[in-house]
Every structure is written in structure tokens, then in C-alpha cells.
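Got your viewer open and a selection box ready? Load the model, colour it by secondary structure, and let's walk through it stop by stop.

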Amino acid sequence: MDYKQLIIRGISYSQTQSGAYALLLEHEETHIKLPVVIGNFEAQSISLGLEKDIHPPRPLTHDLFTKFIVSANYELVSVIIYQIVDGVFFSNINFKNKTTEEELILDARTSDAVAMAVRFDAPIFTTQQVLNEAGILLELEDVSKEEQTFSETVNTEDSLRSVSMEELQKLLEEAVKEEDYDTALEIQEEIKRRKKKID
């Protein structure tokens, strides 16, 4: 089957469902976006997987499963979002044994599949049919709004701007220690923003 590769464009707070987030995937060639509604925990887990430099003091469920896969001598090869039924996406996670080359396919929620894919830097694919059914082509102005991560949508942004870089680092360590990942991601964004200004 001719699969279409998707890239993660961002995570934003869902305007339609309270307490939910929208994971925005994009087909690079056509720029068709695939918005997937996900929960708070999955949004945090995907964001932490993408960040790489924020390490929770205790492993999250997806980190634990990642360690198990590696320990069992498997690797995550790809994620395929193969179907959408009544607004629900269906995905497979494809694994391969590093020694025997044996393949293993597991059914998964799309949010979990993506959270695992980012930890292995594995590609995410979908079918043309899923793109036809659920894909949307956003105008450039809309894309910039959608690409905001959910940490950028929180109002504490302004208060972080008045804090010194040294204090930000302390706050980041404290937030991670207390497992307050929403705040940790906000602080991380502010640190990145300042570093970009310096560069």
C-alpha cells in the first residue's frame, strides 16, 4: 500500500473539547493537516518525547514501555494510522526484533502510537483514504495558530518573561521534580525563546 508520511506540526489546546488537545499531523508534500483529538496525559507525553531534554524523575507509561521494547531487543519501526471510524483514528505500531528480524504489529490508540514513535524517532504514516476523509487544508494564518504548542497557550507566559534566566532554570528543575510537566514545558519554551534571541 502507498502510505503517506506525516510529520508532527504541534499540539494545541482543543477549541472544541474541554480538557482535550489537538495533535496536528501534516503530510509534507500536500500540506494536508490531520488533527487528532488527544487527552491531557498523552499531550504531555508526546511533548516530553519531542523535547528530549526534559527528563521526568520517574518514568511515564510510554517511557516504561520504551525501556521494555529495548530490553526485549525490539525496535519500533513505524506507526501507521490506517483508518478513521466515526471520528476515531485507528493505528498500528510496527516493531521488529533486532536479532531475528521477526515483525510484530500491535493495535494502539493513535495518541499512544505517536507518543511511542517520538521516543524512537520512528516515522508516522497514514493512507490516502484517511487523508481524504479527515484531512484539512488550512490557510497559512490558521496554521500559525494551530502550530502553537499547548504550553504557549497558557496565560502565565507573561509572568515568566519577567524572571531571570537563572531563576527559570531553578523553576524548571522544581517543576520536573514535582512532575508538573505543563509548567515545565512552558518554562522550557521561554528558555528556548530567550536563547533564540541571544543567537
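Here is a short tour, going from the whole chain to single side chains.

**Stop 1: the whole chain**

Before selecting anything, keep in mind that this is a predicted model. In cartoon view, you should find eight helices and seven strands in the chain. The chain has 199 residues, and 44% of them are buried. Switch on a surface if you like: the accessible area comes to about 11,500 Å², with 50% of that belonging to carbon and sulfur atoms. As for contacts with a separation of 6 or more, 58% are between residues 24 or more positions apart.

**Stop 2: strand S1 and its partners**

Select residues 4-13, which form strand S1, and add residues 124-126, strand S7. These two run antiparallel and are joined by three bridges. For a landmark on this side, pick Lys4, which stands opposite Thr126 in S7.

Now add residues 21-27, strand S2. How many bridges join S1 to S2? Seven, and this pair is antiparallel too. Ile7 is a handy marker here, standing opposite Glu26 in S2.

**Stop 3: Lys4**

Stay in strand S1 and show Lys4 as sticks. Buried or exposed, would you say, for Lys4? Lys4 counts as buried because its relative accessible area is 16%, and the cut-off for buried is under 20%. Its side chain makes a polar contact of 2.9 Å with the side chain of Asp2.

Next, bring up the surroundings. Beyond its neighbours within four places in sequence, Lys4 is in contact with His27, Ile124, Phe125, Thr126, Thr127, Gln128 and Leu131. Try a distance label from Lys4 to Ile124: the C-alpha atoms are 8.4 Å apart, although 120 residues separate the two in sequence.

**Stop 4: His27**

One of those contacts is the next selection: His27, which lies in strand S2. His27 is buried, with a relative accessible area of 6%. Look for Thr30, whose side chain joins that of His27 through a polar contact of 2.7 Å. Leaving out residues up to four places away in sequence, His27 touches Lys4, Gln5, Leu6, Ile32 and Leu131. Leu131 also appears among the contacts of Lys4, so keep the sticks of Lys4, His27 and Leu131 on screen together for a moment.

**Stop 5: Asp112**

Jump to helix H3, residues 110-120, and pick out Asp112. With a relative accessible area of 19%, Asp112 is buried; the limit is under 20%. What does the side chain of Asp112 make a polar contact with? The side chain of His62, at 2.8 Å. Setting aside neighbours within four places in sequence, the residues in contact with Asp112 are Glu42 and His62.

**Stop 6: the nonpolar patch**

Finish on the surface. Select Phe65, Phe68, Leu104 and Leu106, which make a nonpolar patch of about 340 Å². Colour helix H2 (61-71) and strand S6 (103-109) as well, since each supplies at least two residues of the patch. Zoom in on Leu106, which sits in strand S6. Leu106 is partly exposed, with a relative accessible area of 32%.

How values were computed
Residues are numbered from 1 along each chain as its sequence is written. This is a predicted model: local features need pLDDT of at least 70, side-chain atom pairs count only at pLDDT 80 or more; totals for chains, interfaces and linings use all residues. Side-chain values use heavy atoms; hydrogens and water are left out. Two strands pair if DSSP finds at least two bridges between them. Helices (H or I, at least four residues) and strands (E, at least two) are DSSP runs, numbered from the N terminus. Patches are made of residues with over 30% relative accessible area and no salt bridge: like charges are joined within 9 Å, nonpolar side chains (Val, Leu, Ile, Met, Phe, Trp, Tyr) within 5 Å. Accessible areas come from the Shrake-Rupley method with a 1.4 Å probe; for residues, only the protein chains shown count as cover. A salt bridge is a side-chain nitrogen of Lys or Arg within 4 Å of a carboxyl oxygen of Asp or Glu. Buried means under 20% relative accessible area, exposed over 50%, partly exposed in between (1.4 Å probe, protein chains only). A polar contact is a pair of N or O atoms within 3.5 Å; within protein, one must be able to donate a hydrogen and the other to accept it, and residues adjacent in sequence count only if both atoms are side-chain atoms. Contact means heavy atoms within 4.5 Å.
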